[in-house]
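Work through the exercises below with the sequence and the model open. Each task is followed by a solution in steps.

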Amino acid sequence: MAFRLFDLNDPQRTAVTTTEGPLLILAGAGTGKTRVITARAAYLIHNGTPPEAILAVTFTNKAAKEMRERLATMIEPLRAKKVTMSTFHALCVRILRSDAERLGYKNNFAIYDEGDQMGLIKKLITRLSARDEKLDPNLAKNLISKAKNDGHSAPAEEKNLISAVFAGYQRELKTLNAMDFDDLLLQTVKLLSEHPEALEKWRKRFTHLMIDEFQDTNRLQLELIAFLARRHDGSRPNICVVGDDDQSIYGWRGAEVSNILEFEHHFPNPVVVKLEQNYRSTTAILNTANSIIKHNPRRRPKSLWSDKEGGEKVRIVQMPDDRQEAQWVAEDIHQRHVVSCEPWESFAVLFRMNAQSRLIEENLRRMQVPYRLIGGRSFFDRREIRDVLAYASTLVNPHDDVCLLRIINSPARGIGEKVVERALEHSIHQKTSLFTALSDPSFTDQLTDRSRRAIGDFFSLIDRYETSVSQPFSNPATELTALLNEIDFFPDLHRGCKTPEEGLSRETNVRDILADLDRFRQRSSEGLRGFLDEMALDRDREQDEEKEQGSGVTLITLHAAKGLEFPHVYLVGLEEGIIPHERSRMEGNVDEERRLLYVGITRAMKTLNITWCRGRMKWGSAAPCNPSTFIKDFAPENIEHVDLFKLQNTPVTEQAAKASFADMFSAIEKL
DNA sequence: CCCGCTGTGATTTTT
DNA sequence: TCACAGCGGG
């Protein structure tokens, strides 16, 4: 055998070797899920399934990448490469790039990220609202997203502001030849349901489907899968889904736990495999996790077990306030690092909201502890990055108004606000893009010579680079750099900064992304369009140097931590209103918060510290806090309650002191 | 046309 | 506390 089935436990082996018909793998946290998926792909190929007929879908690019890399170690890398392993969104882009014309889009459609989306929504709200009407753009965005994920591509009727905004938003996206994240799914499903030829093509292509994190799929995603899985000849679909209903934490984004809870309903008579042996955590940690999750109704019954007996008890530490919490976490990590020689990478601090990371960061920095903050405010939200990407995007598709508006007068080139405003009106009137409107003589004739010349110059700039970028062997990175130099982008960037350091850091950001583009060209043939797709869909770029060397303590939200594991975990802010979050209590989603906590706990391998504060700074002033209601659900035998005040004031026993010194000496001797 | 200031309002999670 | 938007001045 090219790979080793005997490394798998019994249920894992069943999962891997069940290759035909629907298969539901209920994989608890830390039960070797990724291993099973990749082993199954390898097994399929080994038994004659062509690699290109296998489709494995995940939610994050990181997971897709990890699976690709692992598979490449199990079978010949050349064959592994042929397996399609991608996210839902990337898969949709691939399908739509080849077939979007059937839906009336051009296949060079733009992908709108959240920023673009918000820009458009805000614009529509101001355009459509009456004098005293107000609508929170963020709320509007969420409502529209929810509607789309339920399969609605337009409101039933346009009677109120929100539905008018929704309708206008969809219309405008279509005329801009753009899709947002939800459209990628929605339009793909539309394509497959309305165009049998397209459906047949993709159905034939993929004969074996695997879906990871199935508990996070929403309605559209299930529909998409069902379309691809259903066999033309009526035979049973070869669909394998892997998931854990206890780790369903994306309900707020439209995920339907029912997809996994009622899998049999969608794909009758599946083989059901449960993976219950956890290879990650000690029993103390695992039992704590189990004691929490068992309070949830509506679960697939399962019980995780581990043979890592005992281990340190889970500590629940009570803190006076959030400052001391952060300080204690930093100190405890530091101490453990020094005493037990644990590398910084073994530690993670988990929190509910990104805002909580700030204090932790400060304290780690103060103690010179290296750390990396995952997520948070994105690289791509930076002005300079968005500007450069908007230039790139305009070269690919100048009819994308949002991008064009962004760059048309930045750096300033004499196309003022008033001219742009009139051009927009003209474009709405003529039902054309802004780009077309700006070149329409019936519009430009009304302008002053100066404005007309400015527009003419800008057009010739775009035109020249558009041409050179579309040459077969062009180097987009070089071209884009030349364009930026021609418009004095960098001097202008520096001019807009308060300090030289800021200017330098912004310039570095831009240089980084240009380097990324160059690297992309070397590994892909998808051109500038492909690069922009990747930028839109794969937002977490890793700094290569950091990846090689140790990168430090991980600071991460509970959501983003799913799928990861760390020897030592600190779970902070376990207070009522934070976990469970106030909002979920109001909306009646406390079960999901419990699952979120469950996910957090099950990240820990060896030790777990949970902290809560009696008070916390909120909007600049101190507010009292209560411990989370979840705390009372912890099974008492595995936990140890600690009060920071007592901890600091307990006299050190001789024995403990000796043990601690012995640890230190042995640590020093190792050096 | 650009910059800085002031006041206001907001904090869930993200492909 | 902080971030951002809108306004007023240079």
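The exercises cover the DNA contacts, the salt bridges, the strand pairing and the backbone exceptions.

The model is predicted, so local features need pLDDT of at least 70 and side-chain atom pairs count only at pLDDT 80 or more, while totals for chains, interfaces and linings use all residues. Residues are numbered from 1 along each chain as its sequence is written, chains are lettered from A and ligands numbered from 1 in the order in which they are written, and side-chain values use heavy atoms, with hydrogens and water left out.

**Exercise 1. DNA strand B**

Task: Determine how many residues surround DNA strand B and which are the closest, then find which side chains make polar contacts with the strand.

Solution.
1. Take a residue as near a strand if one of its heavy atoms lies within 4 Å of it. DNA strand B is then surrounded by 24 residues, with Phe59, Arg253, Arg352, Arg583 and Trp619 the closest.
2. Sort these residues by class: Ala, Val, Leu, Ile, Met, Phe, Trp, Tyr, Cys and Pro are nonpolar, Asp, Glu, Lys and Arg are charged, and the others, Gly among them, are polar. The surface near DNA strand B has ten nonpolar, eight polar and six charged residues.
3. Turn to the DNA side. Sugar or phosphate supplies 45% of the atoms of DNA strand B within 4 Å of the protein, and bases supply the rest.
4. Look for polar contacts (pairs of N or O atoms within 3.5 Å; within protein, one must be able to donate a hydrogen and the other to accept it, and residues adjacent in sequence count only if both atoms are side-chain atoms). Arg583 places a polar side-chain atom 2.8 Å from a phosphate oxygen of DNA strand B, and Thr557 places one 3.1 Å from a phosphate oxygen. For Trp252, the partner of the side-chain N or O atom is a base oxygen, at 3.1 Å.

**Exercise 2. DNA strand C**

Task: List the residues around DNA strand C and give their classes.

Solution.
1. The residues around DNA strand C are Lys122, Arg358, Trp619 and Gly620.
2. By class, this surface has one nonpolar, one polar and two charged residues.
3. Compare with the first exercise: Trp619 is also among the closest residues to DNA strand B.

**Exercise 3. Salt bridges**

Task: Count the salt bridges and say where the partners Glu213 and Lys33 lie.

Solution.
1. Apply the rule that a side-chain nitrogen of Lys or Arg is within 4 Å of a carboxyl oxygen of Asp or Glu. The count is 41 salt bridges.
2. In the salt bridge between Glu213 and Lys33, the closest N and O atoms are 3.1 Å apart. Glu213 is in the loop between β6 (208-211) and α11 (219-229) and Lys33 is in helix α2 (residues 33-46), so the pair ties together parts 180 residues apart in sequence. Helices (H or I, at least four residues) and strands (E, at least two) are DSSP runs, numbered from the N terminus.
3. Check accessibility, where buried means under 20% relative accessible area, exposed over 50%, and partly exposed in between (1.4 Å probe, protein chains only). Glu213 is buried at 13%, and Lys33 is buried at 18%.
4. Extend the pair: a network of salt bridges links Lys33, Asp212, Glu213, Asp216 and Lys562.
5. Add a pair within a helix. Glu592 forms a salt bridge with Arg595, with the closest N and O atoms 3.6 Å apart. The two are three residues apart in helix α30 (residues 590-601), so about one helical turn separates them.

**Exercise 4. Strand β14**

Task: Which strands pair with β14, and in which sense?

Solution.
1. Require at least two DSSP bridges between two strands for a pair. β9 (residues 314-321) and β14 (residues 604-618) are parallel over six bridges, and Gln318 has Trp612 as its bridge partner.
2. β13 and β14 are parallel over five bridges; Leu571 stands opposite Ile610.
3. β15 (residues 621-624) and β14 are antiparallel over four bridges. They form a hairpin with two residues between them, and Trp619 in the turn has a positive phi of about 50 degrees.

**Exercise 5. Backbone exceptions**

Task: Where are the cis peptide bond and the positive phi values of Gln368 and Lys431?

Solution.
1. Recall that most residues other than glycine have a negative phi, and most peptide bonds are trans.
2. The bond from Ile579 to Pro580 is cis, with omega near 0 degrees. Pro580 is in the loop between β13 (566-571) and α29 (582-586).
3. Gln368 has a phi near 60 degrees and sits in the loop between α16 (357-366) and β11 (371-373). Gln368 is exposed, at 70% relative accessible area.
4. Lys431 has a phi near 55 degrees and sits in the loop between α19 (417-430) and α20 (434-439). Lys431 is exposed at 75%.
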